[in-house]
Amino acid sequence: MSSVWGEYLKISLFGESHGPGIGVVINGLPAGLEIDRDYINRELARRAPGKSKLTTSRQEKDEFEILSGVFQERTTGAPLCFLIRNEDKRSRDYEELKDIMRPGHADYTARVKYSGFNDYRGGGAFSGRLTAPLVLAGAIAKKILSAKGITLGSHILGIADIREEPFDAVCLSSSTLLELNAREFPVLNEEKGLLMKEKIIRAREQQDSVGGVLETAVVGVEAGIGSPFFDSVESKIAHLLFSIPGVKGVEFGEGFALSRLKGSQANDAFYLQDGQVKTTTNRCGGILGGITNGMPLTFKTAFKPTPSIGRIQKTVNLATRQEVELQIKGRHDPCIVPRAVPAVEAAAALALLDLLLEKEKKA
């Protein structure tokens, strides 16, 4: 099982949902960087469960320990190792799931791949719990990017069939993104946000779940970051986005909508503003040929409905080789989208930092 990602910035996740703890090891950061514990805690709090009817009732403080790589609140140049201990575990909720496969989960595929030796409690290493150390690493990356004038932010574009308007991909300010970061349920249209919340609560009352779409933007990225083909900006970001449990679709700029346009409609025309090259539209999402063009970088991430629901579902018992019915017990999110916001931003921040470190080392 590989849990290592990155070329110039390397991260390695470890732990399982119901094990003693989870964490991340970060390689490639220069010495002397300040570690802002308060900022990391704020990012972790954005992901934390148990705050409302919109999330699972599992309570995890997500307090982290720094085991190595930091001295007097600054990086030493050695690998950073962070540990988050698991506290609110109810492993008994998963005893009957050792042989009964939950629909929509990785239970079956993990059982086959790892010959039944996988930790099935809470999904083990496949759990969304592992997004906590991802967010932690992302918080460090976001802080470094912020010092370089780069800001990331997201809004909930849609929950189920309810949608709000997307970002203005041409005129987008860092203040708008920072304002969204401060909101527990980040939307541009509060009325639409209320309807989205009602949709989530209704799904919970019906012992069901819903999915949704996040739209993320990055401003302040200069032109010339990235490479064609395998190390394109899209490739780097998408690689990490698809590691987040529940992600089933990613599109950059206007994505699939571009397939319905003609070239004359899809192309972003260039012009000069105070000597700088700009585009009148930004349908490409700030990326051309896998390389940033200096416009805001935008992408959308689609999440499937949470597979753990209270309704009776059909499945199989691998021990008895029989078809059975299953009603999942335990504590689960009726929609993972609100808590996924910092994880998506963390993925983008880590990918961009890796690309920037590459440029700096080759300069």
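A residue is counted as buried when its relative accessible area is under 20%. In the predicted model analysed here, Ser127 has a relative accessible area of 10% and is therefore buried. Ser127 is placed in the loop between helix H2 (107–113) and helix H3 (131–147). Leaving aside residues up to four places away in sequence, Ser127 is in contact with Ser17, Gly122 and Pro245. The C-alpha atoms of Ser127 and Lys278 are separated by 42 Å in space, and the two residues by 151 positions in sequence.

A second buried site is provided by Thr292, whose relative accessibility of 6% falls under the 20% limit. Thr292 belongs to strand S15 (residues 291–292). With residues up to four places away in sequence excluded, the contacts of Thr292 comprise Val221, Glu222, Ala223, Gly224, Ile225, Val233, Gly286, Ile287 and Leu297. Of these partners, Val233 is also listed among the buried residues of helix H6 (residues 233–241), together with Lys236, Ile237, Ala238, Leu240 and Leu241. The cover over the buried residues of H6 includes strand S1 (4–5), S11, strand S14 (287–288), S15, S16 and H8.

Aromatic interactions were examined next. A pair of aromatic rings is described by the distance of the centres and the angle of the planes. Over the whole structure, 2 aromatic pairs are found. In one of them, the ring centres of Phe64 and Phe82 lie 6.0 Å apart and the planes meet at 65°, so the arrangement is edge-to-face. Phe64 is located in strand S4 (residues 64–68) and Phe82 in strand S7 (residues 80–85), and the pair therefore ties together parts 18 residues apart in sequence. Phe64 and Phe82 are both buried. The rings of Phe252 and Phe299 form a tilted pair, with 5.7 Å from centre to centre and 45° between the planes. Because Phe252 lies in strand S11 (residues 247–252) and Phe299 in strand S16 (residues 297–303), this pair ties together parts 47 residues apart in sequence. Phe252 and Phe299 are likewise buried. Strands S11 and S16, which hold Phe252 and Phe299 respectively, are among the elements that cover the buried residues of H6. A charge placed over a ring is also present: the charged end of Lys143 sits over the ring of Tyr39, at 4.9 Å from the ring centre.

Helix packing was considered for H1 and H8. Two packed helices are described by the angle between their axes and the distance between the axes. Helix H1 (residues 37–47) packs against helix H8 (residues 337–362) at an angle of about 135°, and the axes are 6 Å apart. This angle makes H1 oblique to H8. The contact brings Glu43, Arg46 and Arg47 of H1 together with Arg339, Val341, Pro342 and Glu345 of H8. Classified by residue type, the contact consists of 5 charged and 2 nonpolar residues, with no polar ones.

Backbone geometry draws attention to two loop residues. Gln72, a residue other than glycine, has a positive phi, near 55°. Gln72 is situated in the loop between strand S5 (70–71) and strand S6 (74–75), and its relative accessible area of 65% makes it exposed. Asp274 likewise has a positive phi near 55° without being glycine. The loop that holds Asp274 runs between strand S12 (270–273) and strand S13 (276–279). Asp274 has a relative accessible area of 79% and is exposed.

How values were computed. Residues are numbered from 1 along each chain as its sequence is written. This is a predicted model: local features need pLDDT of at least 70, side-chain atom pairs count only at pLDDT 80 or more; totals for chains, interfaces and linings use all residues. Side-chain values use heavy atoms; hydrogens and water are left out. Rings of Phe, Tyr and Trp (its six-membered ring) pair if their centres lie within 6.5 Å; planes under 30 degrees apart count as stacked, over 60 as edge-to-face and the rest as tilted. Helices (H or I, at least four residues) and strands (E, at least two) are DSSP runs, numbered from the N terminus. Buried means under 20% relative accessible area, exposed over 50%, partly exposed in between (1.4 Å probe, protein chains only). A charge sits over a ring if NZ of Lys or CZ of Arg is within 6 Å of the ring centre and within 35 degrees of the ring normal. Contact means heavy atoms within 4.5 Å. Axes are lines fitted to C-alpha atoms, for helices over the stretch in contact, and angles run from 0 to 180 degrees between N-to-C directions. Angles under 35 degrees count as roughly parallel, over 145 as roughly antiparallel, 65 to 115 as roughly perpendicular and the rest as oblique. Ala, Val, Leu, Ile, Met, Phe, Trp, Tyr, Cys and Pro count as nonpolar, Asp, Glu, Lys and Arg as charged, and the others, Gly among them, as polar.
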